[in-house]
Amino acid sequence: LSHVYKDIKRGRHFKVLVNPFGGQGHAKKLWETIAEPIFTAAGCTYDLTYTTHRYHAKEIARDLNIRLYDAVVSVSGDGVLHEVINGLMERPDAIAAHKLPIGAIPGGSGNALSYSLLGEDHGSHVTNAVLGIIKGRAMPVDLCSVTQGQNRYFSFVLQSFGLVADVDLGTEDMRWMGEARFTVAAVGKLLSQQTYPCELSYIPVETNVDKIRAEYNYRRQQSVVWADQTHDELDQSHPTIVDRFGGVNAQLNKSDGWVTDSEDVITAVGAKLPWISKGMLLNPASTPNDGLIDLIVFPKGTGRINGIQVMLGTETGEHIYHDKVRYMKVKAFRLTPKNASGFISMDGEHTPYSPYQVEAHGGLISVLSI
Ligand code: ADP
Ligand code: MG
């Protein structure tokens, strides 16, 4: 394997962030008993910070001397990574900051990046994640900009509205159930046939599921799916972080190819990762750097049986072939809720219940991957 790993520096130096509250308090123990001993045995060194409050990881990423480290490593879930990415992107040197690779050790209750990097069977295994960080290469990964009200921030996992957001954020009182709470809540919502009024606009690139799948298979053959790209390729396509389609407050420009649906939905989710949680392959044709967002919509009026079928299908990704599901590749989308209150989830974090627009930016971040 030496030819594959010839560019790997031995004994990397990391900034490590451990969220002691991540994953119901397991992150600290995972770090001490599994991750830290492997780092040390591999000759790696680190600066460690236990996060003490919300946005702590963001503050650290914003002020970090990135020249000192080979990567910034999070031991928590997607929320801490969301903060690290937003901290890096807020820097005046954000274009340089995207070159600081990110390493994810699954220590939270939502670890979409680890599942997507390592696959469902291995995504929760701390040792696999640690090996990826010690030996892996930096892979360019797309990032979404989100504009909402007067704010602009970044999302790397998913932007969800309707059932998926409710299940993600509206089930805190069911935490005692562990991960089963997501399934129980989703089944309950599907049986109640709750729908969510909204207006959804998007710029489609491909809406035919067979063609989306074919493109994915092609990329897979070229091994550009969640593997094996280097920084040299990233440098060739210098990323832009300017929103090409205006923000959420701009008029939709017809010449950009916007399409608008005003029908209520059961859920509408934009995503940049295939697995959004354990056992949920919501976006099976998602690739890390096609520069596009996977937009999945489950429209209203689908019936209970179809709803349950679709949910079961998300275990394997088969649901995208269900005739009630719309699965497409888009450049950008805008969602405007038409009722007063509810949940919108950005990478599993709460955000205000107000219109938002999401746009994909190619290869803006860099993720360590075997
Ligand atoms: P999980 O997957 O378990 O939810 P996340 O990585 O998503 O883990 O983190 C959840 C939240 O915890 C994030 O919003 C983060 O800002 C917050 N957080 C980080 N450190 C602390 C702390 N010491 N106390 C409380 N919350 C924290
Ligand atoms: Mg979280």
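Here are some notes on helix 1, the ligand shell, strand 7 and two backbone outliers in this predicted model.

1. Helix 1, overall. Helix 1 covers residues 27-41, so to speak a 15-residue run. From its first C-alpha to its last it reaches 20 Å, close to the 21 Å expected at 1.5 Å a residue. Don't take that to rule out a bend, though: there is a kink of about 40° at Ala35, shortly before the proline Pro37. Just after the helix, Gly43 takes a positive phi of about 80°.

2. Helix 1, its buried residues. The buried residues in helix 1 are Ala27, Leu30, Trp31, Ala35 and Phe39. Ala35 is thus both the site of the kink and one of the buried residues. And what covers them? The cover includes four strands and a helix: strand 1 (13-18), strand 2 (45-50), strand 3 (71-76), strand 4 (102-106) and helix 6 (126-135).

3. The shell around ligand 1. If you plan to look at the ligand, its surroundings comprise 21 residues, and the closest are Thr51, Ser76, Gly77, Gly79 and Gly108. Helix 3 (residues 78-89) gives the largest share of that shell, with four residues. By class, 14 of the shell residues are polar, four are charged and three are nonpolar.

4. Strand 7 and its partners. Strand 7 (residues 158-162) is mostly covered, with five of its five residues buried. It pairs with strand 10 (residues 265-271) through five bridges, and the two run antiparallel; Leu158, for instance, has Ala271 as its bridge partner there. Strand 7 also pairs with strand 13 (residues 344-346), again in the antiparallel sense, over three bridges. In that pairing, Ser160 stands opposite Ser345.

5. Tyr55. Most residues other than glycine have a negative phi. Tyr55 is not a glycine, yet its phi is positive, at about 75°. You'll find Tyr55 in the loop between strand 2 and helix 2 (56-63). Is Tyr55 buried or exposed? Tyr55 counts as exposed, because it has 12 C-beta neighbours inside 10 Å, and 12 or fewer is the cut-off for that class.

6. Asp347. Here is another non-glycine with a positive phi: Asp347, at about 55°. Asp347 belongs to the loop between strand 13 and strand 14 (349-351). How many other C-beta atoms lie within 10 Å of Asp347? The count is 31, so Asp347 is buried, the cut-off being 20 or more. When you go through the backbone, view the two loops side by side: Tyr55 is exposed, whereas Asp347 is buried.

Note on methods. Residues are numbered from 1 along each chain as its sequence is written. Chains are lettered from A and ligands numbered from 1 in the order in which they are written. This is a predicted model: local features need pLDDT of at least 70, side-chain atom pairs count only at pLDDT 80 or more; totals for chains, interfaces and linings use all residues. The expected span of a helix is 1.5 Å times one less than its number of residues. The bend at a residue is the angle between axes fitted to the seven residues ending there and the seven starting there. Two residues are in contact if their C-beta atoms, placed from the backbone, lie within 7 Å. A residue is near a molecule or strand if its C-beta atom, placed from the backbone, lies within 6 Å of it. Ala, Val, Leu, Ile, Met, Phe, Trp, Tyr, Cys and Pro count as nonpolar, Asp, Glu, Lys and Arg as charged, and the others, Gly among them, as polar. Two strands pair if DSSP finds at least two bridges between them.
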